Amino acid sequence: EVNGTTTWKAPGVWSFTPTTYITVDDFEDYNNTADVNQNWVAPYADCGPASNLYSTTTFVRDAQGKHMRVHYDNANGEFKYTQVKRLFSPATTLTGGGVLNPAIAALGIEYIGTPFNGVDPDYDRMYMAIQDTAGNVGVMLNPDPNAAKSLNWTEWLESLTDLSAAGTPNPVNLQAISSLSIGFGDRINCNYGNPG
C-alpha cells in the first residue's frame, strides 16, 4: 500500500508479480529419515525387479540445511540403474492452471556429490524422470556426466517441454504427474545388460 503521490499505474495502487515457481519437494520440511521415506521410495524398480536395484535414502541435516542423501552402488556391475522415486497421490501438476504458476518452464534439482564416487560416463549418468497417470515416462540425463562427483551444490534445470516430449510411449501429461524419479544408470533403456 502506498500513498496518493505515487506514479505507479494508478494513485494508491501497488502492483507486483510473484515468482513463477512451485516447490515439488522441500527437504527443509523433513525432520528425520522416516519422514523422507514416507514420500521417497528406495529402491524403486520401473522396468525390472527391485532386487536389481541398490539404493538407500538418508535424512541429512548439516550447515547447508536439510537434504536427502542417496546412496547407490553399481560397483559390481549387477545393478544397471538405481533410483529413488517420489510418488504423488493424488497426481500433481507441474505447470499451468494456477495463479502463482501459470507458466512453469523447467524442473530443477539441486544436488551435491563427492569426489570419491566412481562414475562410468555411459552407465552411471544422473537422470531425472517424470511419469504421468497413464504410464508415459520422460527421462532426461544430466548434461554433466560427472555430476555425482560435484563438489558444490549445483542446480540442474530441465525444460518441462523437453521432459514431456521425451515421454514414451506418448508425451508426458504435465497436468497429471504421478511420480518423479532421480537416479543413476541406464534408465532410458532400462538396461540390465551393461556394466554400471
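A residue is called buried when its relative accessible area is under 20%, and exposed when that area is over 50%. With that in mind, let me take you through this structure, which is a predicted model, starting with the whole chain and then turning to a sheet and two residues.

Of the 196 residues in the protein chain, 38% count as buried. The accessible surface of the chain comes to about 10,800 Å², and carbon and sulfur atoms account for 51% of that surface.

How many helices and strands does the protein chain hold? There are 2 helices and 9 strands, and if you follow the elements from the N terminus on, they run α-β-β-β-β-β-β-β-β-α-β. It is also worth asking what share of the contacts with a separation of 6 or more joins residues 24 or more positions apart. For this protein chain, that share is 74%.

Now to the sheet. Here 5 strands form an open sheet in the order β1-β4-β9-β6-β7, and the pairing is antiparallel. The edge strands are β1, residues 40-41, and β7, residues 137-141, each of which pairs on one side only. If you look at the β7 end, you will find that strand β6, residues 126-132, pairs with β7 in the antiparallel sense over 5 bridges, and that Met128 stands opposite Met140 in β7.

Let me stay with this sheet for the next residue, Lys85, which is found in strand β4, residues 81-92. Is Lys85 buried or exposed? Its relative accessible area is 3%, so Lys85 counts as buried, given that the cut-off for buried is under 20%. Leaving out residues up to four places away in sequence, Lys85 touches Asn39, Trp40, Val41, Tyr44, Asp46, Gln131, Ser179, Leu180 and Ser181. Among these partners, you may like to find Trp40 and Val41 on your screen, since residues 40-41 make up the edge strand β1.

For the last residue, please turn to Leu157, which is found in strand β8, residues 154-159. Leu157 has a relative accessible area of 52%, and because exposed means over 50%, this leucine counts as exposed. Which residues does Leu157 contact, once its neighbours within four places in sequence are set aside? They are Ala106, Leu107 and Gly108. Leu107 deserves a second look, for Leu157 and Leu107 are 50 residues apart along the chain, while their C-alpha atoms are separated by 5.6 Å.

To close, please keep two residues in mind as you turn the model: Lys85 in β4, which is buried, and Leu157 in β8, which is exposed.

Definitions and conventions. Residues are numbered from 1 along each chain as its sequence is written. This is a predicted model: local features need pLDDT of at least 70, side-chain atom pairs count only at pLDDT 80 or more; totals for chains, interfaces and linings use all residues. Side-chain values use heavy atoms; hydrogens and water are left out. Helices (H or I, at least four residues) and strands (E, at least two) are DSSP runs, numbered from the N terminus. Buried means under 20% relative accessible area, exposed over 50%, partly exposed in between (1.4 Å probe, protein chains only). Contact means heavy atoms within 4.5 Å. Accessible areas come from the Shrake-Rupley method with a 1.4 Å probe; for residues, only the protein chains shown count as cover. Two strands pair if DSSP finds at least two bridges between them.
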